[in-house]
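Welcome! Open your viewer, and let's take a short walk together, one selection at a time.

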Amino acid sequence: MPYNKSFKLTEEIFNFPLREIKRFIRDFHSEMRKGLSGRKSSLKMLPTYVKKPKGVEKGESLAIDLGGTNFRVLALKLKEKRRILILGSKKFVLKKKHITGTGKALFDFIAGCIKTFMDEYKIDISEKHSIGFTFSFPMKKRRVSSGILLRWTKGFKARGVEGKDVVKLLNESLKRKGLRNTKVVAIANDTVSTLVAKSYEDETCDVGAILGTGTNACYPEGQMIINIEWGNFNKIRLTPYDRKLNYLSQSPGEQILEKMISGMYLGELTRLVAKDLIRDAIPKTFKSEHMSIIESDTSKNLSRINRLLKKLRITDSKYTDRKLLKKICAMVSTRAARLSAAAIASVVTKIDPYLSRKHTIAIDGSVYEKHTGFSRRISATLKEIFGRKTANIKLSLTKDASAKGAAIIAATTDEEMILT
Ligand code: BGC
């Protein structure tokens with residue numbers, strides 16, 4: 001079949017028209033209701049035991065952030081007037097051996113990083129310090145100071161952690177490193193920290209979302225913030241490429257929406273499509289970040305794409321193939337952005353079915369922040385869905401939020417939520 005003709009067919013199956021978006025939203029609501037009432041659902045709707053902050057919280061604390069490619073430690077100070085100061089921050093690279101070895105090795109490494117940070121910033125370890133822990137995985141919680149890992153996502157697979165309280169594991173590692181007075185007092189998902197951080201300064205914020213290596217969102221249901229774990233939503237029409245990616249993945253059947261949206265998988269999905277439609281096989285080193293470079297190449301000869309392909313060891317690409325690759329990238333990421341918009345629309349209309357008031361959606365994550373055109377496509381799709389009412393939805397890139405949020409939550413644990 002001529003290449004262009006088969007591209008047209010592929011483009012058709014990757015389409016996500018308004019009609020399907022509307023069905024997506026209905027199914028999403030139905031899964032949300034099932035999850036909330038404890039019935040079987042692809043949306044877990046996990047209680048977090050965290051509520052939106054009042055903006056008057058004060059204090060100093062440490063914050064740590066685990067869940068992507070890096071691990072971060074920060075020292076923060078909450079000031080009056082809804083201001084947060086970052087006193088210090090350090091990034092540590094997580095190696096494969098850390099995320100695929102034993103849980104003990106992972107948490108000992110993290111505790112070691114915290115110790116290094118405290119030494120570097122001359123923080124007196126004999127004094128008491130509380131840590132707010134942003135842990136970007138699904139957790140079962142009964143209070144703010146504990147979190148049982150339900151299962152790893154995003155390629156993490158440290159042994160002996162699923163089913164355990166990660167706060168306990170880390171506090172034990174901290175003790176082993178000699179940090180007897182430094183304790184994790186609060187743990188939250190990254191979406192929750194993001195929502196808390198943004199709503200500390202903006203009261204209309206009621207959704208926290210991550211579009212990065214993984215994807216997810218949370219929102220308040222009454223007082224309690226609920227972690228939706230939307231990456232696992234599975235009432236979606238899949239293309240043969242989605243099925244293949246899912247089948248070949250580390251976790252078949254899980255995180256279906258995440259596999260269509262997030263940075264961990266978009267590159268691989270594109271590679272699988274390209275393998276079918278383009279003569280030169282794109283290597284496995286092809287990443288989601290490359291898609292953004294490809295999509296933003298507006299040069300006449302697509303020379304940036306050519307340079308990138310050379311780096312990927314494809315030395316003699318044809319112009320027509322480069323053009324086709326650009327189209328494939330745009331097709332895969334456009335669908336991802338439209339799916340993200342559909343998920344956001346589902347959450348906002350769960351909170352406020354007629355969009356009768358203003359909603360700020362705090363969003364963080366590399367795909368949203370860095371992928372060319374991604375945020376624009378989300379906004380355009382929301383407009384398609386809501387028309388003029390979209391004016392009531394404000395998407396707000398909220399950087400560093402997961403650390404700030406963890407610090408706010410740590411500073412307010414004395415007001416801990418009681419089991420309801
Ligand atoms: C995890 C979520 C997390 C999201 C974004 C997903 O893989 O299951 O808990 O919020 O990634 O980091």
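Which residue in S13 is the bridge partner of Ile 363? Select S13 and you will find Leu 397 in that role.

Before going on, a note: this is a predicted model, where local features need pLDDT of at least 70, side-chain atom pairs count only at pLDDT 80 or more, and totals for chains, interfaces and linings use all residues. Residues are numbered from 1 along each chain as its sequence is written, and side-chain values use heavy atoms, with hydrogens and water left out.

Now show the whole sheet. It is open and mixed, with 6 strands in the order S1-S11-S10-S9-S12-S13 (strands are DSSP runs of E, at least two residues, and helices are runs of H or I, at least four, numbered from the N terminus; two strands pair if DSSP finds at least two bridges between them). Strand S1 (46–47) and strand S13 (393–397) each have a single partner strand, so one side of each lacks a neighbour in the sheet.

Next, select S12. Parallel to S12 runs S13, joined to it by 5 bridges. Strand S9 (residues 205–211) also pairs with S12 (residues 359–364) in the parallel sense, over 5 bridges. Look for Val 207 with its bridge partner Ile 361, and for Ile 210 opposite Asp 364.

Colour the side chains of S12: His 359, Ile 361 and Ile 363 point one way, Thr 360, Ala 362 and Asp 364 the other, and all are buried (under 20% relative accessible area, 1.4 Å probe, protein chains only).

Last stop: Ser 317, in the loop between helix H11 (303–311) and helix H12 (319–351). Ser 317 is buried too, at a relative accessible area of 12%.

Definitions and conventions. Buried < 20%, exposed > 50% of the residue type's maximum accessible area, 1.4 Å probe, protein only.
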